[in-house]
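Hi,

Here is the structure I promised to send over. Have a look at it first, and then read on for what turned up.

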Amino acid sequence: MMAHPRTEKEKVAVSEREAKYRQRLQKEIDEVQRGLAEVEERLAEKGDYSLGEGDPAIYLWEMNLARRERLRARLEELQAAMARLDRGTYEQCSVCGGRIEEDRLELLPTTRTCSECARKGR
Ligand SMILES: [Zn+2]
């Protein structure tokens with residue numbers, strides 16, 4: 001299991017990292033929610049299209065549906081990451097229990113594994 005911070009200095013360092021991760025996650029959550037609102041708006045305009053065979057509107061409609069699915073899935077991942085941050089397990093690798101590297105979390109804010117476990121494909 002991940003070692004808990006022992007000294008005050010370590011505790012401060014952890015809370016500083018957590019604040020940074022939280023900000024990073026919240027920023028992307030906001031972006032995804034904006035994207036979702038936009039795609040919902042486009043999907044709500046469906047009634048204006050004839051949706052006949054070969055209508056390019058169908059293609060657009062399907063693209064928007066796919067986009068909505070992607071955004072919803074991403075939002076779930078981001079919210080799950082936020083929940084791990086709240087529980088204090090955000091930096092903890094779900095495989096080996098070790099600490100996930102800071103630069104890895106900056107690059108992949110919803111990752112649940114450290115780079116070594118990811119490399120081993122576990
Ligand atoms: Zn690991």
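How close do the axes of H1 and H2 come, and at what angle do they cross? The two axes come within 9 Å and cross at roughly 155°. Since angles over 145 degrees count as roughly antiparallel, that makes H1 roughly antiparallel to H2. As for handedness, H1 passes H2 in a left-handed crossing. Do keep in mind that this is a predicted model.

Now for the overall picture. The protein has four helices and zero strands, so from the N terminus on its elements simply read α-α-α-α. Of its 122 residues, 11% count as buried. If you take the contacts between residues at least 6 apart in sequence, 56% of them join residues at least 24 apart.

Next, the two helices from the opening question. H1 covers residues 8-44 and has 37 residues. From its first C-alpha to its last, H1 reaches 53 Å, close to the 54 Å you would expect at 1.5 Å a residue. H2 takes in residues 56-87, which is 32 residues. By the same rule of 1.5 Å a residue, H2 should span 46 Å, and its end C-alpha atoms are 47 Å apart, so the two values agree. Just after H2 comes Gly88, which takes a positive phi of about 80°.

Which residues of these helices are buried? In H1 they are Tyr21, Leu25, Val32 and Val39, and what covers them includes H2 and helix H3 (102-107). In H2 the buried residues are Leu71, Leu78 and Ala81, with H1 among the things that cover them.

Those residues turn up again in the largest nonpolar core, which has twelve residues in all. Its members are Tyr21, Leu25, Val32, Val39, Leu71, Leu78, Ala81, Tyr90, Cys93, Ile100, Leu105 and Cys114. H1 and H2 are the elements that give two or more residues to this core, and the largest share, four residues, comes from H1.

A few residues are worth clicking on while you have the model open.

Leu78 sits in helix H2. Why does Leu78 count as buried? It has 22 other C-beta atoms within 10 Å, and the cut-off for buried is 20 or more. Leaving aside neighbours within four places in sequence, Leu78 is in contact with Leu25, Glu28, Ile29, Val32 and Thr110. Thr110 is 32 residues away from Leu78 along the chain, yet their C-alpha atoms are separated by 6.1 Å.

Met82 is in helix H2 too. With 18 other C-beta atoms within 10 Å, Met82 is partly exposed, because it falls short of the 20 needed to be buried but has more than the 12 that would make it exposed. Its link to H1 residue Tyr21 is a long-range one in sequence terms: Met82 and Tyr21 are 61 residues apart in sequence and 8.8 Å apart in space, C-alpha to C-alpha.

Tyr21 comes up once more with Glu106, which is in helix H3. Glu106 and Tyr21 are 85 residues apart in sequence but 7.4 Å apart in space, again C-alpha to C-alpha. Is Glu106 itself buried or exposed? It has 12 C-beta neighbours inside 10 Å, so it counts as exposed.

Lastly, Leu105 is one of the core residues. Not counting residues up to four places away in sequence, Leu105 touches Tyr21, Glu91, Ile100 and Thr111. Of these, Tyr21 and Ile100 also belong to the core.

Cheers

Note on methods: Residues are numbered from 1 along each chain as its sequence is written. This is a predicted model: local features need pLDDT of at least 70, side-chain atom pairs count only at pLDDT 80 or more; totals for chains, interfaces and linings use all residues. The expected span of a helix is 1.5 Å times one less than its number of residues. Two residues are in contact if their C-beta atoms, placed from the backbone, lie within 7 Å. A nonpolar core is a set of buried Ala, Val, Leu, Ile, Met, Phe, Trp, Tyr and Cys residues joined through C-beta atoms within 7 Å. Axes are lines fitted to C-alpha atoms, for helices over the stretch in contact, and angles run from 0 to 180 degrees between N-to-C directions. Angles under 35 degrees count as roughly parallel, over 145 as roughly antiparallel, 65 to 115 as roughly perpendicular and the rest as oblique. A crossing is left-handed if the near helix is turned anticlockwise from the far one by less than a right angle, and right-handed if clockwise.
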